[in-house]
Amino acid sequence: MSRFSDPRWSEALAHLPDYLGNHVRVSVTALALGLLVSLPLAVLSRNRPVMRGALLGLASIVQTVPGLALLALFYPLLLALAELSLAWFGFGFSAFGFLPAVLALALYSMLPVLRNTITGLQGVDPAILEAAQGVGMTPRQSLFMVELPLALPVMMAGIRTAAVWVIGTATLSTPIGQTSLGNYIFAGLQTQNWVFVLFGCLAAAVLALAVDQLLALIEIGLRERSRLRVAVGGIGIAVLVAATLVPSMMRLQSSYIVGAKTFAEQYVLSALIAQRLRAAGLSASSREGLGSNVIFDALASDDIDVYVDYSGTLWANQFHHGDIKPREELLGELKATLARQKITLFGELGFENAYALVMPRKRAGELGIHSIADLASHAGPMSMAADYEFFSRPEWAGLQKAYGLTFRTQRQMQPDFMYAAVASGEVDVIAGYTSDGLIAKYDLVVLDDPKHAIPPYDAIVLLAPKRADDQALRAALSPLLGKIDIAAMREANLRAAGGDGAASPDAVARGLWEKIAKR
Amino acid sequence: MTAAPPPIAFAHVGKSFDGGRGAKPVLAVNDVSLDVAEGELLAIVGGSGSGKTTLLRLANRLIEADSGRITIEGADVRTVDAVQLRRRIGYVFQSGGLFPHMSVADNIGITPKLLGMPAAEILSRVDELLDLVRLDRAQHRNRLPHELSGGQRQRVGVARALAARPKIVLMDEPFGALDPLTRDALGDDYRALHKKLGLTTVMITHDMTEAILLADRVAVMRAGRLLAQGTPAELSNSGDPYVHELLRTPRRQAERLNVLLPRGGPA
């Protein structure tokens, strides 16, 4: 069997029109906006050294901010702006997806354009500038007839650099809700689907190269006064943009959007929900790989319609409660809090995905560790690993306080890798997730939490404010409530993360439904 | 007074440049008064730093004077729009100053285009000018400046300066970078054009021999001051030692040439 007959290739291909279209649209818009801002600024600053220095400095600083962080920063910023605008002018706008991605990417594109335009304009021979003045050109005519045409090759080189950067960085706009080729990469990394990761990287690289070559054609055409080349390059770009606009025109605007965070279980659950909606005759699409800070706000502002969160996460992270309450009480209070934001807590799926301290069963037995309290006396020389957010979450502070835990080292890891790390003895303890199938696979043990320092993490379905009274949605989703037990979810997660060729989130979700539908 | 005002007149003109941080300002042009008569070809001779190029640029306001008064055809240059002024004065730049991204035809037609001349008219004007500066129309029209020889470039530069039918032409060391033969041919050709078109020309040069051979009158500058002006014959009566020094070279060249190339030879 050839590697290319792997069903994941055809699945990846099926997503291409949507992902590529969105990717091109956000990149082209960002690049156009970047040019629209940078070019006049560069022209204005060419004879103003102070302004020039300030602009280039600012653009360089923006460039040093990691792309992911820059994109993520724009989301809360725009959210605040949207609220202000709603309060002051009576209209809001969606701070989700397209807009923050475009703004951040446009900002990112500015440095090469500014730098090359300024360099290009400064590189024009002063004798030529004087000649332009001498034959009777106004400063404006000199700029458009002489300086810009002469600076064009250098400017185009900058525009090409910017285009490649923007297309590459646009893959990072997935977590703020903009569909892009990054969807392949984020989904692939979370579900160990290397075909997807590879496909996403290749698609982004091919797109960047294609755009770069079309721009190169325009550049050469401009330099050699070849209208044909300029026309071919221009038409190529236009065709690319047009081709990606067509699928979006055909997309149904009324469809339900199901959100998913950036881990395998979420991909499976969003696929399950989308399947149930389609089975009920509703159109549904997924918005996957959203950051956990982004997804709740996106639901609250009606940018997505439904997603699955966890009670303890909302309790501690979203509403900043320091105390921990018994399960039922916490759910009740959460429901009331959410209702104040017009968000519906539709119900529990039936399992918990809690943080838990996890270690190899054998080692725990040898040391006589059954609970976190037992662990505390052994923790001093031990090392611990957790995902990127755990150590800054209130649960960790709560655990430390309750049990007096201190480890020799704390490491942050990609969640998929930490189970293997603890199984191989690379680290001694990890903060795992109770619904993760890898716990069974690696023969690990979940330590008890006798002091209830970690809150309950019931998986709960949340509905956006605008869907509060949507009976069709409720009818389609109610068969899921209370049906998914921890064993079923663990098994599904194990399959989804297993790197098995047939185990796309969609396929896993179908299997999960078959199992629970009969209950 | 019934006589028409001179095409170009400098009266007590001064210009100084900021000498950079902390340095004293440099007096580039120091109290210069000079009239250029209609139909005259005046050469301004001086070494580098003598202020001759600055003086030329003051005339079409590429540089603004600090003091004194400059008039073009009787009007103070400060009272006319600088851009309009430049469009009616031809200017030939050192080593051409052609726009590298424009064809020969576009370079020559630039000032008419700026003046709003219809495209068809510009085309025929360009051909006329190519004939005038003795460049083959078909062969040169669509070339880019870098495809031309130095002499051809300078011919295009002259054609461009003449495109909008100016009465006055300013030339900044126009033939300085050319080889002697090309330089000689171009000088003669320009002299003929100057006569034929009834131009008033001011030409900057550092070469006294060239000035004497081409110009009706020669003005000598040094360190921003005008030392002497007049026909070559008048100059040789000047009491100024620097002027004498400048005249010695062409004289010695002439004497040696007379000895080395006896009359009656085949050339």
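In what sense do strand β6 (residues 383–386) of chain A and β7(A) pair, and over how many bridges? In this predicted model, the two strands run parallel to one another and are joined by 4 bridges. One residue pair illustrates the register: S383(A) faces T409(A), which belongs to β7(A). In general terms, strands of a sheet pair through backbone hydrogen bonds, and the pairing is either parallel or antiparallel.

The pair β6(A) and β7(A) forms part of an open sheet of 5 strands in chain A, arranged in the order β7-β6-β8-β5-β9. The pairing within this sheet is mixed. The edge positions are held by β7 (409–412) and β9 (444–446) of chain A; each has a single partner strand, so one side of each is left without a neighbour in the sheet. On average, and with direction ignored, neighbouring strands of this sheet are turned by 35 degrees against each other. Helix α17 (residues 415–423) of chain A lies across four strands, namely β5 (355–360), β6, β8 (429–433) and β9 of chain A. Relative to β8(A), the helix α17(A) runs at about 140 degrees.

The overall organisation of chain A was examined next. Chain A contains 21 helices and 10 strands, and its C-alpha trace spans about 90 × 60 × 55 Å along the principal axes. Of the 519 residues in chain A, 47% are buried. Among the contacts in chain A with a separation of 6 or more, 79% involve residues 24 or more positions apart. Chain A is divided into three parts: domain 1 (8–250), domain 2 (256–353 + 457–517) and domain 3 (355–446). Domain 2 is thus listed with two sequence segments, 256–353 and 457–517. A distance of 44 Å separates the C-alpha centres of domain 1 and domain 3 of chain A.

Helix packing in chain A is illustrated by helix α2 (residues 49–64) and helix α4 (residues 98–122). Two packed helices are described by the angle between their axes and the distance between the axes. For α2(A) and α4(A), the axes come within 8 Å and cross at roughly 140 degrees, and the crossing is left-handed. On the side of α2(A), the contact is made by R52(A), L55(A), L56(A), A59(A), S60(A), V62(A) and Q63(A). The helix α4(A) contributes L107(A), Y108(A), M110(A), L111(A), L114(A), R115(A) and I118(A). By class, the residues of this contact comprise 10 nonpolar, 2 polar and 2 charged. An α-helix has 3.6 residues a turn, so residues three or four places apart point the same way.

The contact between the two chains draws 14 residues from chain A and 14 residues from chain B. On the side of chain A that touches chain B, α5 (126–134) and α6 (139–169) of chain A each supply at least two residues. The greatest share on this side comes from α5(A), with 6 residues. The residues of chain A on this side are divided into 8 nonpolar, 5 polar and 1 charged.

Chain B also holds an open sheet with mixed pairing, here of 6 strands in the order β6-β7-β8-β3-β9-β10. At its edges stand β6 (89–92) and β10 (225–230) of chain B, each with a single partner strand, so one side of each is left without a neighbour in the sheet. The twist from one strand to the next averages 15 degrees. Within the sheet, strand β3 (residues 41–45) and strand β8 (residues 200–205) of chain B run parallel and are joined by 5 bridges. In this pairing V45(B) has T205(B), in β8(B), as its bridge partner.

Antiparallel pairing in chain B is found for strand β1 (residues 8–17), which is joined to strand β4 (residues 67–72) by 5 bridges. Here G14(B) stands opposite S67(B) in β4(B). The strand β1(B) also pairs with strand β2 (residues 26–36) of chain B, again in the antiparallel sense, over 7 bridges. In that pairing F17(B) has V26(B), in β2(B), as its bridge partner.

Finally, helix α1 (residues 52–59) of chain B is mostly covered, with 8 of its 8 residues buried. These buried residues include K52(B) and R57(B), as well as L55(B), L56(B) and L58(B). The helix α1(B) is followed by R61(B), whose phi is positive, near 60 degrees.

Terms used:
Residues are numbered from 1 along each chain as its sequence is written. Chains are lettered from A and ligands numbered from 1 in the order in which they are written. This is a predicted model: local features need pLDDT of at least 70, side-chain atom pairs count only at pLDDT 80 or more; totals for chains, interfaces and linings use all residues. Two residues are in contact if their C-beta atoms, placed from the backbone, lie within 7 Å. Ala, Val, Leu, Ile, Met, Phe, Trp, Tyr, Cys and Pro count as nonpolar, Asp, Glu, Lys and Arg as charged, and the others, Gly among them, as polar. A residue is buried if 20 or more other C-beta atoms lie within 10 Å of its own, exposed if 12 or fewer, and partly exposed in between; C-beta atoms are placed from the backbone. Axes are lines fitted to C-alpha atoms, for helices over the stretch in contact, and angles run from 0 to 180 degrees between N-to-C directions. A crossing is left-handed if the near helix is turned anticlockwise from the far one by less than a right angle, and right-handed if clockwise. Domain bounds come from an automatic or database domain assignment. Two strands pair if DSSP finds at least two bridges between them.
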